[in-house]
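Open the model in your viewer and keep the selection box at hand. The tour goes stop by stop.

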Amino acid sequence: MYVHWHRRDLRAADNAGLARAGADDPVLPVFVFDEDVLAHAGPPRVAFMLDALARLREWYRERDSDLLVVHGDPREALPALATEHGADRVTWSKDYSGLARERDAAVRQALDDADVAREAVRNAVCHEPGEITTNDGDPYSVFTYFGRKWQDREKEAPYDPPAAEALVEFEDDTDLPTLADLGFDEPEADVPPAGTAPARELLDGFLDDGIYRYDDRRDYPADECTSRLSAHLKFGTIGIREVYAETARARSAVEPGSERDESVAEFQSQLAWREFYTQVLFANPNVVTANYKSYERPIQWNDDPEALQAWKDGETGYPIVDAGMRQLREEAFMHNRVRMIVASFLTKDLLIDWREGYDWFRQKLVDHDTANDNGGWQWAASTGTDAQPYFRIFNPMTQGERYDPDAEYIKRYVPELRDAGAEIIHEWHEASLTQRRSAAPEYPDPIVDHGQRREDAIEMFEVARGDD
(Lines give C-alpha, C1' and ligand atoms only; values in the text may rest on other atoms or scores of the structure.)
Protein backbone atom coordinates (compact mmCIF):
# COMPACT_ATOMS: atom_id res chain seq x y z
CA MET A 1 0.00 0.00 0.00
CA TYR A 2 1.08 3.59 -0.56
CA VAL A 3 -0.15 7.04 0.38
CA HIS A 4 -0.91 9.65 -2.26
CA TRP A 5 -0.69 13.16 -0.83
CA HIS A 6 -3.14 15.37 -2.75
CA ARG A 7 -2.14 19.00 -3.10
CA ARG A 8 -2.68 20.93 -6.33
CA ASP A 9 -4.08 17.80 -7.98
CA LEU A 10 -7.60 17.60 -6.59
CA ARG A 11 -8.81 15.03 -9.12
CA ALA A 12 -8.77 11.31 -9.78
CA ALA A 13 -8.38 11.30 -13.58
CA ASP A 14 -5.11 12.24 -15.28
CA ASN A 15 -3.29 11.95 -11.96
CA ALA A 16 0.13 10.35 -12.28
CA GLY A 17 0.34 9.62 -8.56
CA LEU A 18 -2.94 7.75 -8.42
CA ALA A 19 -2.15 5.94 -11.65
CA ARG A 20 0.53 4.00 -9.77
CA ALA A 21 -2.22 2.20 -7.86
CA GLY A 22 -2.91 -1.48 -8.51
CA ALA A 23 -4.45 -4.55 -6.91
CA ASP A 24 -1.16 -5.43 -5.19
CA ASP A 25 -0.30 -1.84 -4.36
CA PRO A 26 -3.51 0.00 -3.38
CA VAL A 27 -3.52 3.71 -2.66
CA LEU A 28 -4.63 5.62 0.43
CA PRO A 29 -5.54 9.22 -0.59
CA VAL A 30 -4.63 11.97 1.89
CA PHE A 31 -4.97 15.74 2.12
CA VAL A 32 -3.11 17.80 4.71
CA PHE A 33 -4.29 21.23 5.82
CA ASP A 34 -0.90 22.93 6.17
CA GLU A 35 -0.88 26.23 8.10
CA ASP A 36 2.23 27.43 6.28
CA VAL A 37 0.40 27.15 2.97
CA LEU A 38 -2.86 28.62 4.27
CA ALA A 39 -0.95 31.67 5.48
CA HIS A 40 -0.57 32.71 1.83
CA ALA A 41 -4.16 31.99 0.81
CA GLY A 42 -7.21 34.18 0.30
CA PRO A 43 -10.90 33.46 0.98
CA PRO A 44 -11.92 32.81 -2.66
CA ARG A 45 -9.18 30.23 -3.18
CA VAL A 46 -9.85 28.49 0.11
CA ALA A 47 -13.58 28.35 -0.65
CA PHE A 48 -12.86 26.86 -4.07
CA MET A 49 -10.41 24.38 -2.56
CA LEU A 50 -12.92 23.20 0.05
CA ASP A 51 -15.53 22.64 -2.65
CA ALA A 52 -12.98 20.71 -4.73
CA LEU A 53 -12.06 18.57 -1.73
CA ALA A 54 -15.71 17.79 -1.03
CA ARG A 55 -16.23 16.65 -4.62
CA LEU A 56 -13.05 14.59 -4.62
CA ARG A 57 -14.02 12.94 -1.34
CA GLU A 58 -17.43 12.13 -2.83
CA TRP A 59 -15.70 10.44 -5.80
CA TYR A 60 -13.68 8.25 -3.46
CA ARG A 61 -16.68 7.41 -1.27
CA GLU A 62 -18.67 6.28 -4.30
CA ARG A 63 -15.97 3.63 -4.68
CA ASP A 64 -15.98 2.53 -1.01
CA SER A 65 -12.83 4.50 -0.26
CA ASP A 66 -12.34 7.98 1.17
CA LEU A 67 -10.11 11.01 1.31
CA LEU A 68 -8.26 11.02 4.61
CA VAL A 69 -8.13 14.60 5.92
CA VAL A 70 -5.60 15.70 8.52
CA HIS A 71 -4.40 19.00 9.93
CA GLY A 72 -0.81 19.81 10.73
CA ASP A 73 2.74 19.88 9.46
CA PRO A 74 3.19 17.41 6.57
CA ARG A 75 6.72 16.68 7.79
CA GLU A 76 5.14 15.09 10.83
CA ALA A 77 1.76 13.98 9.47
CA LEU A 78 2.93 11.98 6.44
CA PRO A 79 5.53 9.76 8.16
CA ALA A 80 3.03 9.14 10.97
CA LEU A 81 0.26 8.19 8.52
CA ALA A 82 2.57 5.91 6.56
CA THR A 83 3.62 4.15 9.76
CA GLU A 84 0.08 3.88 11.11
CA HIS A 85 -1.32 2.37 7.91
CA GLY A 86 1.68 0.27 6.95
CA ALA A 87 2.38 2.21 3.77
CA ASP A 88 5.78 1.68 2.23
CA ARG A 89 5.89 4.88 0.18
CA VAL A 90 4.29 8.30 -0.36
CA THR A 91 3.65 9.99 -3.70
CA TRP A 92 2.78 13.57 -4.45
CA SER A 93 2.64 16.00 -7.38
CA LYS A 94 5.58 18.29 -7.90
CA ASP A 95 5.21 21.97 -7.18
CA TYR A 96 7.75 24.52 -8.31
CA SER A 97 7.63 27.57 -6.05
CA GLY A 98 10.35 28.22 -3.53
CA LEU A 99 8.00 27.64 -0.59
CA ALA A 100 6.79 24.31 -2.03
CA ARG A 101 10.29 23.11 -2.77
CA GLU A 102 11.50 23.89 0.74
CA ARG A 103 8.50 22.08 2.21
CA ASP A 104 8.98 19.07 -0.06
CA ALA A 105 12.66 18.79 0.76
CA ALA A 106 11.78 18.72 4.46
CA VAL A 107 9.09 16.07 3.85
CA ARG A 108 11.53 13.93 1.87
CA GLN A 109 14.00 14.06 4.75
CA ALA A 110 11.30 13.18 7.28
CA LEU A 111 10.19 10.20 5.21
CA ASP A 112 13.79 9.06 4.76
CA ASP A 113 14.23 9.20 8.53
CA ALA A 114 11.11 7.03 8.89
CA ASP A 115 12.41 4.61 6.24
CA VAL A 116 9.45 5.35 3.93
CA ALA A 117 10.07 5.62 0.18
CA ARG A 118 8.76 8.64 -1.68
CA GLU A 119 8.13 9.71 -5.26
CA ALA A 120 7.25 13.13 -6.66
CA VAL A 121 5.39 12.96 -9.98
CA ARG A 122 4.70 15.46 -12.74
CA ASN A 123 1.08 16.54 -12.72
CA ALA A 124 0.86 20.34 -13.02
CA VAL A 125 2.73 20.89 -16.30
CA CYS A 126 3.34 19.14 -19.59
CA HIS A 127 7.05 19.98 -19.52
CA GLU A 128 8.90 20.53 -16.28
CA PRO A 129 11.46 23.26 -15.60
CA GLY A 130 14.74 22.15 -17.10
CA GLU A 131 13.18 20.20 -19.97
CA ILE A 132 12.99 23.16 -22.36
CA THR A 133 16.17 25.23 -22.28
CA THR A 134 18.44 27.29 -24.50
CA ASN A 135 21.19 25.53 -26.42
CA ASP A 136 23.46 26.35 -23.47
CA GLY A 137 21.10 24.61 -21.07
CA ASP A 138 19.84 27.80 -19.45
CA PRO A 139 16.18 28.63 -18.77
CA TYR A 140 14.59 30.87 -21.36
CA SER A 141 13.96 34.53 -20.53
CA VAL A 142 12.03 35.18 -23.77
CA PHE A 143 8.75 33.35 -24.32
CA THR A 144 8.83 33.17 -28.12
CA TYR A 145 11.65 30.64 -28.26
CA PHE A 146 10.32 28.68 -25.29
CA GLY A 147 6.84 28.58 -26.81
CA ARG A 148 8.05 27.19 -30.13
CA LYS A 149 9.87 24.33 -28.44
CA TRP A 150 6.91 23.72 -26.13
CA GLN A 151 4.57 23.34 -29.09
CA ASP A 152 6.97 20.98 -30.86
CA ARG A 153 7.51 18.65 -27.89
CA GLU A 154 5.43 15.51 -27.66
CA LYS A 155 2.94 15.59 -24.79
CA GLU A 156 2.29 12.74 -22.38
CA ALA A 157 -1.16 11.16 -22.70
CA PRO A 158 -3.67 11.59 -19.85
CA TYR A 159 -3.83 8.90 -17.18
CA ASP A 160 -6.97 6.91 -16.45
CA PRO A 161 -8.42 7.20 -12.93
CA PRO A 162 -7.68 4.32 -10.58
CA ALA A 163 -10.14 1.45 -10.48
CA ALA A 164 -12.22 1.04 -7.33
CA GLU A 165 -10.33 -2.11 -6.35
CA ALA A 166 -7.05 -0.16 -6.46
CA LEU A 167 -8.23 2.12 -3.64
CA VAL A 168 -7.85 1.31 0.04
CA GLU A 169 -11.29 0.55 1.45
CA PHE A 170 -11.87 2.71 4.51
CA GLU A 171 -14.09 5.44 5.91
CA ASP A 172 -12.95 8.74 7.36
CA ASP A 173 -15.58 10.35 9.60
CA THR A 174 -13.61 13.61 9.90
CA ASP A 175 -15.61 16.52 8.50
CA LEU A 176 -13.99 18.96 6.15
CA PRO A 177 -13.36 22.25 7.93
CA THR A 178 -15.32 25.37 7.16
CA LEU A 179 -13.78 28.66 6.09
CA ALA A 180 -14.25 29.91 9.64
CA ASP A 181 -12.52 26.83 11.03
CA LEU A 182 -9.51 27.72 8.92
CA GLY A 183 -9.57 31.36 9.98
CA PHE A 184 -11.04 32.87 6.80
CA ASP A 185 -14.02 35.13 6.22
CA GLU A 186 -16.58 34.33 3.58
CA PRO A 187 -15.42 35.74 0.23
CA GLU A 188 -17.27 38.80 -0.99
CA ALA A 189 -17.24 37.31 -4.49
CA ASP A 190 -19.40 34.53 -5.89
CA VAL A 191 -16.87 31.73 -6.17
CA PRO A 192 -17.53 29.31 -9.07
CA PRO A 193 -18.11 25.61 -8.43
CA ALA A 194 -15.01 23.44 -8.20
CA GLY A 195 -14.39 19.81 -9.09
CA THR A 196 -13.69 17.82 -12.22
CA ALA A 197 -17.27 17.78 -13.48
CA PRO A 198 -17.60 21.61 -13.60
CA ALA A 199 -14.13 21.83 -15.17
CA ARG A 200 -15.05 19.38 -17.91
CA GLU A 201 -18.29 21.20 -18.52
CA LEU A 202 -16.35 24.43 -19.05
CA LEU A 203 -13.86 22.69 -21.31
CA ASP A 204 -16.56 21.02 -23.39
CA GLY A 205 -18.40 24.31 -23.84
CA PHE A 206 -15.21 26.08 -24.86
CA LEU A 207 -14.30 23.36 -27.34
CA ASP A 208 -17.74 23.58 -28.95
CA ASP A 209 -17.20 27.13 -30.10
CA GLY A 210 -14.94 29.52 -28.19
CA ILE A 211 -11.66 27.83 -29.00
CA TYR A 212 -12.24 28.42 -32.71
CA ARG A 213 -12.81 32.15 -32.13
CA TYR A 214 -10.11 32.47 -29.47
CA ASP A 215 -7.42 34.02 -31.63
CA ASP A 216 -9.68 36.86 -32.82
CA ARG A 217 -11.89 37.44 -29.79
CA ARG A 218 -9.97 36.48 -26.65
CA ASP A 219 -9.06 40.12 -25.93
CA TYR A 220 -12.68 41.32 -25.96
CA PRO A 221 -14.00 40.85 -22.41
CA ALA A 222 -17.67 41.24 -23.31
CA ASP A 223 -17.40 38.22 -25.63
CA GLU A 224 -16.30 35.91 -22.81
CA CYS A 225 -14.39 33.92 -25.41
CA THR A 226 -12.02 32.32 -22.92
CA SER A 227 -12.06 28.91 -21.26
CA ARG A 228 -12.40 30.03 -17.61
CA LEU A 229 -10.30 26.99 -16.70
CA SER A 230 -7.62 28.93 -14.83
CA ALA A 231 -8.83 28.10 -11.31
CA HIS A 232 -9.28 24.45 -12.26
CA LEU A 233 -5.74 24.26 -13.63
CA LYS A 234 -4.40 26.01 -10.54
CA PHE A 235 -5.99 23.49 -8.17
CA GLY A 236 -5.72 20.58 -10.55
CA THR A 237 -9.40 19.71 -10.65
CA ILE A 238 -8.66 18.93 -14.29
CA GLY A 239 -5.34 17.72 -15.63
CA ILE A 240 -3.17 19.72 -18.00
CA ARG A 241 -2.56 16.57 -20.07
CA GLU A 242 -6.32 16.11 -20.46
CA VAL A 243 -6.83 19.75 -21.46
CA TYR A 244 -4.03 19.62 -24.00
CA ALA A 245 -5.26 16.31 -25.44
CA GLU A 246 -8.74 17.74 -25.91
CA THR A 247 -7.39 20.85 -27.63
CA ALA A 248 -5.24 18.66 -29.87
CA ARG A 249 -8.36 16.71 -30.78
CA ALA A 250 -10.14 19.98 -31.62
CA ARG A 251 -7.21 21.02 -33.75
CA SER A 252 -7.13 17.72 -35.64
CA ALA A 253 -10.76 18.26 -36.62
CA VAL A 254 -10.01 21.38 -38.70
CA GLU A 255 -7.90 22.10 -41.76
CA PRO A 256 -4.20 22.62 -40.96
CA GLY A 257 -3.18 26.25 -41.40
CA SER A 258 -6.77 27.50 -41.33
CA GLU A 259 -7.95 30.30 -39.07
CA ARG A 260 -9.60 27.75 -36.81
CA ASP A 261 -6.38 25.78 -36.62
CA GLU A 262 -4.42 28.92 -35.72
CA SER A 263 -7.01 29.80 -33.11
CA VAL A 264 -6.56 26.48 -31.29
CA ALA A 265 -2.79 26.91 -31.53
CA GLU A 266 -3.11 30.31 -29.89
CA PHE A 267 -4.99 28.82 -26.97
CA GLN A 268 -2.33 26.14 -26.65
CA SER A 269 0.29 28.89 -26.54
CA GLN A 270 -1.46 30.26 -23.46
CA LEU A 271 -0.92 26.87 -21.82
CA ALA A 272 2.74 27.27 -22.77
CA TRP A 273 2.83 30.70 -21.10
CA ARG A 274 1.80 29.03 -17.83
CA GLU A 275 4.78 26.74 -18.08
CA PHE A 276 7.12 29.51 -19.19
CA TYR A 277 6.36 31.44 -16.01
CA THR A 278 6.66 28.23 -13.99
CA GLN A 279 10.22 27.73 -15.19
CA VAL A 280 10.99 31.42 -14.53
CA LEU A 281 9.80 31.00 -10.93
CA PHE A 282 11.66 27.71 -10.54
CA ALA A 283 14.92 29.29 -11.68
CA ASN A 284 14.35 32.54 -9.79
CA PRO A 285 12.26 31.88 -6.65
CA ASN A 286 13.01 35.37 -5.33
CA VAL A 287 10.87 37.00 -8.06
CA VAL A 288 7.85 36.62 -5.79
CA THR A 289 9.06 39.69 -3.90
CA ALA A 290 11.93 41.07 -6.02
CA ASN A 291 12.17 42.51 -9.51
CA TYR A 292 13.34 39.97 -12.07
CA LYS A 293 15.00 42.74 -14.08
CA SER A 294 17.64 44.80 -12.34
CA TYR A 295 17.92 48.58 -12.69
CA GLU A 296 20.92 50.68 -11.81
CA ARG A 297 18.90 52.50 -9.16
CA PRO A 298 15.79 51.57 -7.18
CA ILE A 299 12.51 52.46 -8.88
CA GLN A 300 10.94 55.30 -6.90
CA TRP A 301 7.37 54.06 -6.68
CA ASN A 302 4.68 56.34 -5.26
CA ASP A 303 3.37 55.79 -1.75
CA ASP A 304 -0.25 56.83 -2.32
CA PRO A 305 -2.73 54.94 -0.12
CA GLU A 306 -5.73 56.91 -1.39
CA ALA A 307 -5.00 56.17 -5.04
CA LEU A 308 -4.31 52.53 -4.22
CA GLN A 309 -7.66 52.25 -2.45
CA ALA A 310 -9.48 53.92 -5.36
CA TRP A 311 -7.89 51.34 -7.67
CA LYS A 312 -8.94 48.47 -5.39
CA ASP A 313 -12.48 49.83 -5.17
CA GLY A 314 -12.87 50.47 -8.89
CA GLU A 315 -13.24 54.20 -8.33
CA THR A 316 -10.46 55.63 -10.52
CA GLY A 317 -12.64 57.38 -13.08
CA TYR A 318 -11.17 55.24 -15.86
CA PRO A 319 -14.09 53.02 -16.91
CA ILE A 320 -12.29 49.90 -18.19
CA VAL A 321 -10.03 49.88 -15.12
CA ASP A 322 -12.96 50.22 -12.75
CA ALA A 323 -14.95 47.53 -14.54
CA GLY A 324 -12.08 45.10 -14.14
CA MET A 325 -11.56 45.84 -10.47
CA ARG A 326 -15.26 45.45 -9.77
CA GLN A 327 -15.40 42.18 -11.69
CA LEU A 328 -12.58 41.00 -9.42
CA ARG A 329 -14.62 41.82 -6.31
CA GLU A 330 -17.82 40.27 -7.67
CA GLU A 331 -16.45 37.11 -9.29
CA ALA A 332 -12.94 36.59 -7.85
CA PHE A 333 -11.90 36.64 -11.51
CA MET A 334 -10.87 39.14 -14.14
CA HIS A 335 -10.57 38.85 -17.90
CA ASN A 336 -6.92 38.55 -18.96
CA ARG A 337 -6.81 41.61 -21.23
CA VAL A 338 -8.32 43.66 -18.42
CA ARG A 339 -5.74 42.25 -15.97
CA MET A 340 -3.05 43.77 -18.17
CA ILE A 341 -4.89 47.09 -18.33
CA VAL A 342 -5.43 47.41 -14.57
CA ALA A 343 -1.84 46.33 -13.85
CA SER A 344 -0.47 48.90 -16.26
CA PHE A 345 -2.71 51.55 -14.72
CA LEU A 346 -1.49 50.82 -11.20
CA THR A 347 2.19 50.80 -12.12
CA LYS A 348 2.36 53.40 -14.91
CA ASP A 349 -0.52 55.79 -14.17
CA LEU A 350 -0.58 55.64 -10.38
CA LEU A 351 3.16 54.80 -10.23
CA ILE A 352 2.49 52.33 -7.42
CA ASP A 353 4.69 49.32 -6.80
CA TRP A 354 3.58 46.17 -8.64
CA ARG A 355 3.86 44.22 -5.39
CA GLU A 356 0.80 46.06 -4.05
CA GLY A 357 -1.23 44.85 -7.03
CA TYR A 358 0.16 41.35 -6.88
CA ASP A 359 -0.78 41.09 -3.21
CA TRP A 360 -4.33 42.31 -3.89
CA PHE A 361 -4.76 39.77 -6.66
CA ARG A 362 -3.38 37.08 -4.36
CA GLN A 363 -6.12 37.88 -1.86
CA LYS A 364 -8.99 38.29 -4.31
CA LEU A 365 -8.45 35.93 -7.26
CA VAL A 366 -9.81 32.41 -7.14
CA ASP A 367 -7.24 31.40 -9.77
CA HIS A 368 -4.22 33.09 -8.20
CA ASP A 369 -1.12 31.20 -9.23
CA THR A 370 2.23 32.41 -7.95
CA ALA A 371 4.10 31.89 -11.20
CA ASN A 372 1.44 33.26 -13.56
CA ASP A 373 0.38 36.25 -11.49
CA ASN A 374 3.92 37.25 -10.65
CA GLY A 375 4.92 36.94 -14.30
CA GLY A 376 1.95 39.03 -15.40
CA TRP A 377 2.51 41.75 -12.85
CA GLN A 378 6.21 42.05 -13.56
CA TRP A 379 5.47 42.09 -17.30
CA ALA A 380 3.14 45.04 -16.86
CA ALA A 381 5.55 46.83 -14.51
CA SER A 382 8.49 46.46 -16.92
CA THR A 383 10.45 44.65 -14.22
CA GLY A 384 10.00 41.06 -15.41
CA THR A 385 11.30 38.64 -17.98
CA ASP A 386 10.24 39.39 -21.56
CA ALA A 387 8.44 42.41 -20.09
CA GLN A 388 6.60 45.31 -21.63
CA PRO A 389 9.23 48.03 -22.34
CA TYR A 390 9.00 50.82 -19.79
CA PHE A 391 8.20 53.40 -22.48
CA ARG A 392 5.26 51.39 -23.91
CA ILE A 393 2.40 52.37 -21.64
CA PHE A 394 -1.21 51.31 -22.07
CA ASN A 395 -3.63 54.18 -22.56
CA PRO A 396 -6.62 52.95 -20.51
CA MET A 397 -9.13 54.92 -22.56
CA THR A 398 -7.78 53.64 -25.89
CA GLN A 399 -7.74 50.11 -24.51
CA GLY A 400 -11.35 50.42 -23.42
CA GLU A 401 -12.49 51.78 -26.77
CA ARG A 402 -10.56 49.15 -28.73
CA TYR A 403 -11.54 46.06 -26.73
CA ASP A 404 -14.96 47.11 -25.43
CA PRO A 405 -16.19 49.45 -28.19
CA ASP A 406 -19.85 49.35 -27.16
CA ALA A 407 -18.92 49.58 -23.46
CA GLU A 408 -20.85 46.37 -22.89
CA TYR A 409 -18.31 44.97 -20.43
CA ILE A 410 -17.92 48.31 -18.69
CA LYS A 411 -21.66 48.74 -18.19
CA ARG A 412 -21.98 45.19 -16.87
CA TYR A 413 -19.76 46.00 -13.90
CA VAL A 414 -20.10 49.78 -13.51
CA PRO A 415 -23.82 50.43 -13.04
CA GLU A 416 -23.29 54.21 -12.77
CA LEU A 417 -22.46 54.18 -16.49
CA ARG A 418 -25.30 51.99 -17.74
CA ASP A 419 -27.34 54.93 -19.04
CA ALA A 420 -24.34 56.66 -20.61
CA GLY A 421 -23.44 56.30 -24.26
CA ALA A 422 -20.31 54.44 -25.30
CA GLU A 423 -18.86 57.64 -26.79
CA ILE A 424 -18.92 59.61 -23.54
CA ILE A 425 -17.66 56.58 -21.61
CA HIS A 426 -14.61 56.27 -23.85
CA GLU A 427 -14.02 60.03 -23.72
CA TRP A 428 -14.55 60.33 -19.97
CA HIS A 429 -11.03 61.64 -19.38
CA GLU A 430 -11.57 64.48 -21.89
CA ALA A 431 -15.21 65.26 -21.17
CA SER A 432 -16.11 68.47 -19.38
CA LEU A 433 -17.40 68.37 -15.83
CA THR A 434 -20.85 69.33 -17.14
CA GLN A 435 -20.82 66.47 -19.63
CA ARG A 436 -19.79 63.98 -16.96
CA ARG A 437 -22.42 65.07 -14.49
CA SER A 438 -25.08 64.94 -17.17
CA ALA A 439 -24.09 61.48 -18.43
CA ALA A 440 -23.34 59.72 -15.13
CA PRO A 441 -23.57 61.94 -12.03
CA GLU A 442 -22.54 59.16 -9.63
CA TYR A 443 -19.42 58.07 -11.47
CA PRO A 444 -16.13 59.66 -10.32
CA ASP A 445 -13.87 61.98 -12.28
CA PRO A 446 -10.47 60.60 -13.35
CA ILE A 447 -8.13 60.62 -10.35
CA VAL A 448 -5.03 61.28 -12.49
CA ASP A 449 -4.22 62.72 -15.89
CA HIS A 450 -3.00 59.85 -18.05
CA GLY A 451 -0.90 62.03 -20.35
CA GLN A 452 0.99 63.59 -17.46
CA ARG A 453 1.43 60.30 -15.64
CA ARG A 454 2.77 58.68 -18.78
CA GLU A 455 5.55 61.27 -18.86
CA ASP A 456 6.13 60.80 -15.12
CA ALA A 457 6.40 57.04 -15.53
CA ILE A 458 8.96 57.30 -18.33
CA GLU A 459 10.99 59.74 -16.26
CA MET A 460 10.78 57.43 -13.22
CA PHE A 461 12.17 54.51 -15.20
CA GLU A 462 14.85 56.60 -16.89
CA VAL A 463 16.11 57.71 -13.49
CA ALA A 464 16.13 54.10 -12.35
CA ARG A 465 18.07 53.16 -15.48
CA GLY A 466 20.63 55.88 -14.72
CA ASP A 467 19.79 57.81 -17.90
CA ASP A 468 19.68 61.19 -16.16
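## Stop 1: a pair at partial exposure

Asp 223 has 28% relative accessibility, so Asp 223 counts as partly exposed. This is a predicted model. Now add Arg 217 to the selection. Arg 217 comes out at 30% relative accessibility, which means partly exposed as well. What do the side chains of Arg 217 and Asp 223 form? They meet in a salt bridge, 2.5 Å from N to O. Side chains of opposite charge can pair when their charged atoms come close.

## Stop 2: a buried pair

Select Asp 66 and Arg 57. Their side chains meet in a salt bridge of 3.3 Å, N to O. Are these partners buried or exposed? Asp 66 is buried, at a relative accessible area of 1%. Arg 57 is buried too, with 5% relative accessibility. The cut-off for buried is under 20% relative accessible area.

## Stop 3: one turn of a helix

Go to helix α13, residues 354-364. Pick out Asp 359 and Arg 362, both in this helix. They sit 3 residues apart, about one turn of the helix. Asp 359 forms a salt bridge with Arg 362, and the closest N and O atoms are 2.5 Å apart. Check the burial of each partner. Asp 359 is partly exposed, at 28% relative accessibility. Arg 362 is buried, with a relative accessible area of 18%. Keep Arg 362 on screen for the next stop.

## Stop 4: a buried arginine without a partner

Select Arg 45 in helix α2, residues 43-61. Arg 45 is in contact with Arg 362. Which other residues does Arg 45 contact, leaving aside neighbours within four places in sequence? The others are His 40, Lys 234, Phe 235, Leu 365, Val 366 and His 368. Arg 45 is buried, yet it has no salt bridge. Draw a distance to Asp 373, the nearest side chain of opposite charge. That distance is 7.3 Å. A salt bridge needs a side-chain nitrogen of Lys or Arg within 4 Å of a carboxyl oxygen of Asp or Glu.

## Stop 5: a charged network and an unusual phi

Next, select Asp 14, Arg 122, Glu 131, Glu 156 and Arg 241 together. These residues are linked in a network of salt bridges. A search of the whole structure finds 43 salt bridges.

Zoom in on Asp 14. It lies in the loop between β1 (2-6) and β2 (27-33). Asp 14 is buried, at a relative accessible area of 0%. Now look at the backbone. Asp 14 has a positive phi of about 50°, although it is not a glycine. Most residues other than glycine have a negative phi.

## Stop 6: another positive phi

Select Asp 115. This residue is in the loop between α4 (98-113) and β5 (117-121). Asp 115 has a positive phi of about 60° and is not a glycine. Is Asp 115 buried or exposed? Asp 115 is exposed, with 72% relative accessibility.

## Stop 7: two pairs along the chain

Step back into helix α4 and select Ala 110. Ala 110 is buried, with a relative accessible area of 17%. Ala 110 touches Arg 75 and Pro 79, not counting residues up to four places away in sequence. Now add Arg 218. Ala 110 and Arg 218 are 108 residues apart in sequence. In space they are 46 Å apart, C-alpha to C-alpha.

Try another pair: Gly 317 and Ile 425. These two are 108 residues apart along the chain. How far apart are the C-alpha atoms of Gly 317 and Ile 425? The separation is 9.9 Å.

Stay with Gly 317. It lies in the loop between α10 (305-313) and α11 (319-331). Gly 317 is buried, at a relative accessible area of 0%. Not counting residues up to four places away in sequence, Gly 317 touches Asp 322, Trp 428, Tyr 443, Pro 444, Asp 445 and Pro 446.

## Stop 8: a negative patch

Finish on the surface. Select Glu 401, Glu 423, Glu 427 and Glu 430. They gather in a patch of negative charge on the surface. Where does Glu 423 lie? Glu 423 is in helix α17, residues 422-426. Glu 423 is exposed, with a relative accessible area of 60%.

Conventions
Residues numbered from 1 in each chain as written. Predicted model: local features only at pLDDT ≥ 70, side-chain atom pairs only at ≥ 80, totals over all residues. Heavy atoms only, no water. Patch = residues over 30% accessible without salt bridge, like charges linked within 9 Å, V, L, I, M, F, W, Y side chains within 5 Å. Areas by Shrake-Rupley, 256 points an atom, 1.4 Å probe, with all protein chains shown as cover. Lys, Arg positive; Asp, Glu negative; His and termini not counted. Charge placed at Lys NZ, Arg CZ, Asp CG, Glu CD. Helix = DSSP H or I, 4+ residues; strand = E, 2+ residues; numbered from the N terminus. Buried < 20%, exposed > 50% of the residue type's maximum accessible area, 1.4 Å probe, protein only. Contact = heavy atoms within 4.5 Å.
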